[in-house]
Amino acid sequence: MNIKVIAFDADDTLWVNEPYFRQTEEQFCILLQQYASEHELQRELLKIEINNLGLYGYGIKGFILSMLEAAMNITQNTLSIAIVNQIIDLGKQMLNQPIELLDGVEEVLEKLKGKYRLVVATKGDLLDQERKLKKSGLSPYFHHIEIMSEKDDANYLKLIKHLDIRPDELLMVGNSLKSDIMPVLNIGGHAVHVPYHITWAHEQIEDSIDNERFKSAVTIKDILAYL
């Protein structure tokens with residue numbers, strides 16, 4: 001491999017993210033347990049989240065709005081102001097969560113810095129992702145920060161054009177096969193999948209990957225052996 005740039009996903013690759021969504025979803029279901037079962041509430045919320053991606057994109061703010069919409073649907077527009085306020089408070093708690101780095105992240109970045117250009121390639125709300133990166137203390141390691149509305153082939157092509165590299169000079173590291181791995185392989189780049197123990201349903205795919213430019217790791221430290 002002639003790698004010049006290593007790009008890292010952020011949420012659930014560099015730091016903990018999805019567990020906070022799951023915990024908030026559990027609290028959401030408790031708030032509305034008198035109106036529907038947990039399964040019904042989860043199904044309605046997921047449906048609305050996916051429908052709203054084109055409007056709100058990814059991130060906590062869109063999740064808050066989707067929780068409010070789901071709650072209105074479930075209660076047939078009889079939701080009390082008290083519960084509305086509690087849902088908004090759940091969202092604010094998520095936005096104020098401390099950043100918990102995943103094991104080995106800083107060690108890996110320290111070893112790679114200076115040998116490669118390091119990039120964050122993530123998606124979500126711009127303000128929220130910038131806030132998390134600042135709180136993480138990892139900013140000094142990165143040459144460039146790319147926050148995409150969607151991680152697809154076209155946006156990865158824009159990234160490599162901005163970085164002035166060929167596709168085969170990019171290595172992407174991330175936890176989502178759908179967002180971090182498949183698009184990069186599609187455009188001719190290299191990718192390492194570092195799975196996280198929780199993955200949002202919308203990011204899950206069933207396809208197996210047979211590609212010489214694809215590697216699978218157990219932890220982020222394993223990528224060092226591939227370089």
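Student: With which strand does β5 pair in the parallel sense over 3 bridges?
Tutor: This is a predicted model, in which local features need pLDDT of at least 70, side-chain atom pairs count only at pLDDT 80 or more, and totals for chains, interfaces and linings use all residues. Residues are numbered from 1 along each chain as its sequence is written, and side-chain values use heavy atoms, with hydrogens and water left out. Strands (DSSP E runs of at least two residues; helices are H or I runs of at least four, both numbered from the N terminus) pair if DSSP finds at least two bridges between them. Ala191 of β5 stands opposite Phe214, and the partner, at residues 214–216, is β6.

Student: Which residue of β5 stands opposite Val173?
Tutor: Strand β4 (residues 170–174) runs parallel to β5, and 4 bridges join the two. Within this pairing, the residue opposite Val173 is Val192.

Student: Are the side chains on the two faces of β5 buried or exposed?
Tutor: In a regular strand the side chains alternate between the two faces of the sheet. In β5 (residues 190–193), His190 and Val192 lie on one side, with Ala191 and His193 on the other. Taking under 20% relative accessible area as buried, over 50% as exposed and anything in between as partly exposed (1.4 Å probe, protein chains only), both faces are covered and these four residues are all buried.

Student: Which residue's side chain makes a polar contact with that of Asp9?
Tutor: Asp9 sits in the loop between β1 (5–8) and α1 (18–31), and its 6% relative accessibility is why it counts as buried. At 2.9 Å, its side chain makes a polar contact (N or O atoms within 3.5 Å, one able to donate a hydrogen and the other to accept it; sequence neighbours count only if both atoms are side-chain atoms) with the side chain of Lys151.

Student: How many residues apart in sequence are the parts tied together by Asp125 and Lys61?
Tutor: The two side chains meet in a salt bridge at 3.4 Å, N to O, the term requiring a Lys or Arg side-chain nitrogen within 4 Å of an Asp or Glu carboxyl oxygen. Asp125 lies in the loop between β2 (117–123) and α6 (126–136), whereas Lys61 lies in helix α3 (residues 60–74), so the parts that this pair ties together are separated in sequence by 64 residues.

Student: What is the relative accessibility of Lys123, which meets Glu150 in a salt bridge?
Tutor: The Lys123 and Glu150 side chains meet at 3.7 Å, N to O, and Glu150 is partly exposed at 29%. Lys123, by contrast, counts as buried because its relative accessibility is 11%.
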